[in-house]
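Here is a quick tour for anyone meeting this structure for the first time. Have a look at the sequence and the model, then read on.

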Amino acid sequence: MVPPGAAHYAAERIKEREAGMQGMMMHRPLSIIEILRFASEIHSTAEVVSVRTEGDIHRQTYAETYARVARLAHGLAGLGIAPGDRVATLAWNGYRHLELYYAVSGIGAVCHTINPRLSAEQLIYITHHAEDRVLFLDTTFLPIVEALADKLPADMRYVLMTDRAHMPESKVELICYEDLLDGQEESYDWPEPDENDAASLCYTSGTTGNPKGALYSHRSTVLHAMETAITLYSSLREGKRVIPVVPMFHVNAWGLPYAAPMTGVSLIMPGPKLDGASLFDLIEGEQVDAAWGVPTVWQGLLAEFRKRGTHPKCFTDMVVGGSAAPTSMIEAFEKMGVSVCHAWGMTEMSPIGTQGLLPRELREAPLSDQIALKSRQGRRMFGVDLKIVDEEGKPLPHDGKASGELYVRGNTVISGYFENAEATAEAFDSEGWFGTGDIASIDERGFLLIQDRAKDLIKSGGEWISSIDLENVVSAHPKVASCAVIAVPHPKWDERPLLIVVPEGDDRPGKDEIDALLLEHVAKWQLPDAMEFVDELPLTATGKVSKLTLRKRFADYKLPDAG
Ligand code: AMP
């Protein structure tokens, strides 16, 4: 017979379960400053090495960084910055920018990183839209600010990120960064944030219309750092030295300024020097293991490797993303012993969504098979869900064949655009998934293949032609430095592809040579109708080829058989 006590106990447990039983664990808010506090104790000697705009190389440890961040926090409070205020930056990758990331969010304010490559109108628009109160800028960007100061928010204060010795004369009233820190205490009583509080703000580069703001929280930022730490483990391991070539003004340098201190990785900051020769010297001089950046940067580094006939042996891991990495480039790096991880993401996703490290069973596959897989955009990282849908929004199978618009959801994906109800209303489906605007397929193993931006696909006689596919093949031609394919109107087929090429040297490739190469990979009807040469391709603010500018430039282009 069951004793009455036990029956009562069982009944209580059932009641609890029906009410939805809660775990009995502490709730500590996820907070950005905790990352640096941890690094200052546990990875105290890992370094932040910075190429400064002053021209030299500067070093400090995470322990020293944490102390300076406290001093900066006191300085910010002295400027009257309160929780929720927006503090803007116009700066390269360097230790002072890193200090701002932590001090601004640490006191409860919002760090708004501005992309200096935005147009003047866009810069004016976003500083007003964000209601920035202070702008921290590197000396390089003083001319931009001087030219626009009359049109920026009237009560904006300006802090130049340098020391007293380097303060220039200016028509703008400037505060000196190092003066702000001078004499301040090396500890700060950090307020405990609500983990959903806003921490940083980044506007998309805005290929159409005004830029839209992604407002990251403490929670999304810490989770993104943890998710990338377990996913991009080849560069994020204690003791590694990594260069974020991707700028800190582009989606928080893909979260590396948070993931590196969390994992004990030293950050090697390239400052304004992003050309192949400077990166080569920095990688070799600082014995860098890994680097993260967009394909255009790696093309420059590859050209430098070829020019010098050698490459730094310490450099073994690369993360490439932001736009599709050409297969020929991946192959060239892999053959030099640099393992390429092709990632995909968006500003709206903090930004990383997928990563291209191969699963164990495929790491022994022939190199050509590995490279073919690495040309895809990898598999989703933990915490990010992907679906592809047809034109009616119905989910499509992950069979490697069906392709449709890619939707995402997860804790590191935006739930709306900052102060922009109109853009928010258009961005999500009825189940709350965010529409990326990318057209993709996903295979049975989970490998994503981005075929195009919805608006960059070429629709010829009702059939799609992927501009990325054509570009991928053509960029492997030895006489091609870079290329882009755009749609131009055609009276019979609606649209046909036009190939735009930057030649490698004086010896321009012939259309027949290019067609012969393309025919090894694509159908005859997909060949570009014409080829034009340009000296360089226009780039967007984030270093991607600006198809929008090309489309405008070739808007009246007449194809040979277009009547
Ligand atoms: P952004 O918000 O500026 O980072 O741009 C995000 C967009 O860049 C994505 O929606 C894609 O169209 C493109 N993109 C990012 N990474 C890749 C990649 N690895 N391959 C192809 N396209 C990419």
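A residue is called buried when its relative accessible area is under 20%, exposed when that value is over 50%, and partly exposed in between. Keep in mind that the model is a predicted one.

With that cut-off in hand, start at helix α14, which spans residues 367–374. Its buried residues are Q370, I371, L373 and K374. Around the axis they cover an arc of only 160°, so they sit on the same side of α14. And what do the buried residues of α14 pack against? They pack against α13 and β14.

That brings us to the sheet. It is open, has seven strands and runs in the order β2-β1-β11-β10-β12-β13-β14, with mixed pairing. At the edges stand β2 (57–61) and β14 (339–342); each has a single partner strand, so one side of each is left without a neighbour in the sheet. From one strand to the next, the twist averages 20°. As for what holds such an arrangement together, strands of a sheet pair through backbone hydrogen bonds, either parallel or antiparallel.

At the β2 edge, the partner is β1 (residues 47–51), and the two pair in the antiparallel sense over five bridges. Within this pair, S50 stands opposite H58 in β2. Helix α13 (residues 327–335) packs on the sheet, where it touches β13 (317–320) and β14. The direction of α13 makes about 145° with that of β14.

Now for the charged side chains. How many salt bridges does the count come to? The count comes to 33 salt bridges. Here are three of them, with the N to O distance for each:

| Salt bridge | Distance (N to O) |
|---|---|
| E286 and R59 | 2.5 Å |
| R68 and E99 | 2.7 Å |
| R308 and D281 | 2.9 Å |

Take the pair of E286 and R59 to begin with. E286 lies in the loop between α11 (276–285) and β12 (290–293), while R59 belongs to strand β2, and the two are 227 residues apart. E286 has a relative accessible area of 8%, so it counts as buried. R59, at 42%, counts as partly exposed.

The pair of R68 and E99 also links distant parts of the chain: R68 is in helix α3 (residues 62–78) and E99 in helix α4 (residues 95–106), 31 residues apart. Is R68 buried or exposed? R68 is buried, and so is E99. For E99, the relative accessibility is 0%. Its side chain also makes a polar contact with the side chain of R68, at 2.7 Å. Leaving aside neighbours within four places in sequence, E99 is in contact with Q60, T65, R68, V69, L72, Y177 and L181.

The third pair joins two helices. R308 lies in α12 (residues 295–308) and D281 in α11, so this salt bridge ties together parts that are 27 residues apart in sequence. R308 is partly exposed, with a relative accessible area of 33%. D281 is partly exposed too, at 43%.

One last thing to look for is a network: salt bridges that share partners join R52, E54, D56, R68, R96, E99 and E178 into one.

Key:
Residues numbered from 1 in each chain as written. Predicted model: local features only at pLDDT ≥ 70, side-chain atom pairs only at ≥ 80, totals over all residues. Heavy atoms only, no water. Pairing = 2+ DSSP bridges. Helix = DSSP H or I, 4+ residues; strand = E, 2+ residues; numbered from the N terminus. Axes fitted to C-alpha atoms, helices over the stretch in contact; angles between N-to-C directions. Contact = heavy atoms within 4.5 Å. Salt bridge = Lys/Arg side-chain N within 4 Å of Asp/Glu carboxyl O. Buried < 20%, exposed > 50% of the residue type's maximum accessible area, 1.4 Å probe, protein only. Arc of directions from axis to C-beta. Polar contact = N/O pair within 3.5 Å; in protein donor to acceptor, adjacent residues only side chain to side chain.
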